[in-house]
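Q: I have a structure open and want to learn how to read its features one at a time. Can you take me through it?

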Amino acid sequence: MRTPARPPLDGLKKRLDQSRAERARVPRDGFLRETFLLPRPDARLKAKEWFERFPKQAYWTEIESWFERPGDLIEFTIRRLPAAD
């Protein structure tokens, strides 16, 4: 009597690799982040909108990084907590 051959595990390996890659991209600090690339006046309005919608005292809202790009564009990342507890 022969032992049956093992089933191919290619699909499982592919799913595990995808899952690990997704988790590697998401920081584990609990903050939600969003990055914008806007003209300077629009960037100011967007930041103001975020701070009004998610107050710093409750959500720890913060502009994490910002860069001036050519053409008077501002690239910035805002982070906040998912809920105000």
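Q: Is Arg-40 buried, partly exposed or exposed, and what is the relative accessible area?
A: This is a predicted model. The classes rest on relative accessible area: under 20% is buried, over 50% is exposed, and partly exposed lies in between. Arg-40 has a relative accessible area of 25%, so Arg-40 is partly exposed.

Q: Which side chain does Arg-40 meet in a salt bridge?
A: Start with the principle. Side chains of opposite charge can pair when their charged atoms come close. Here the side chain of Arg-40 meets that of Glu-68, at 3.4 Å from N to O. Arg-40 belongs to helix H2 and Glu-68 to strand S2, so this salt bridge ties together parts 28 residues apart in sequence.

Q: Is Glu-68 buried or exposed?
A: Glu-68 is exposed, because its relative accessibility is 54%.

Q: What is the strand order of the sheet, and how do the strands pair?
A: Read across the sheet, not along the sequence. The sheet is open, has 3 strands and follows the order S1-S3-S2. The pairing is antiparallel.

Q: Why is one side of S1 and of S2 left without a neighbour in the sheet?
A: S1 (32-39) and S2 (62-69) stand at the edges, and each has a single partner strand, so one side of each lacks a neighbour in the sheet. From one strand to the next, the twist averages 15°.

Q: How many bridges join S2 and S3?
A: The count is 7, in the antiparallel sense, with S3 covering residues 73-80. To fix the register, take one pair: Arg-69 stands opposite Leu-73 in S3.

Q: Where does helix H2 lie, and at what angle to S1?
A: H2 (residues 40-53) lies across S1, S2 and S3. Its direction is at about 150° to that of S1.

Q: Which salt bridges join S2 and S3?
A: Look at Glu-62 first. Glu-62 forms a salt bridge with Arg-79, with the closest N and O atoms 3.6 Å apart. Glu-62 is in strand S2 and Arg-79 in strand S3, 17 residues apart. Their accessibility classes differ in this way: Glu-62 is partly exposed at 32%, whereas Arg-79 is buried at 18%.
A further salt bridge has Glu-75 and Arg-69 meeting at 2.9 Å, N to O. Glu-75 counts as partly exposed at 25% relative accessibility. Arg-69 is partly exposed too, with a relative accessible area of 34%.

Q: Which residues are linked in a network of salt bridges?
A: Follow shared partners from pair to pair. The network links Asp-29, Arg-33, Glu-62, Glu-64 and Arg-79. The full count for the model is 9 salt bridges.

Q: Is Thr-77 buried or exposed, and which residues are in contact with it?
A: Read the accessibility, then the contacts. Thr-77 lies in strand S3. Its relative accessibility is 12%, so Thr-77 counts as buried. Leaving aside neighbours within four places in sequence, Thr-77 contacts Arg-33, Glu-34, Thr-35, Glu-62, Ile-63, Glu-64 and Ser-65.

Q: Which residues form a nonpolar patch on the surface?
A: Here, look for nonpolar side chains that are not covered. Leu-9, Leu-12 and Leu-16 form the patch, with about 290 Å² of accessible area together. Leu-16 lies in helix H1 (residues 10-25). At 38% relative accessibility, Leu-16 counts as partly exposed.

Technical notes. Residues are numbered from 1 along each chain as its sequence is written. This is a predicted model: local features need pLDDT of at least 70, side-chain atom pairs count only at pLDDT 80 or more; totals for chains, interfaces and linings use all residues. Side-chain values use heavy atoms; hydrogens and water are left out. Two strands pair if DSSP finds at least two bridges between them. Helices (H or I, at least four residues) and strands (E, at least two) are DSSP runs, numbered from the N terminus. Axes are lines fitted to C-alpha atoms, for helices over the stretch in contact, and angles run from 0 to 180 degrees between N-to-C directions. Contact means heavy atoms within 4.5 Å. Buried means under 20% relative accessible area, exposed over 50%, partly exposed in between (1.4 Å probe, protein chains only). A salt bridge is a side-chain nitrogen of Lys or Arg within 4 Å of a carboxyl oxygen of Asp or Glu. Patches are made of residues with over 30% relative accessible area and no salt bridge: like charges are joined within 9 Å, nonpolar side chains (Val, Leu, Ile, Met, Phe, Trp, Tyr) within 5 Å. Accessible areas come from the Shrake-Rupley method with a 1.4 Å probe; for residues, only the protein chains shown count as cover.
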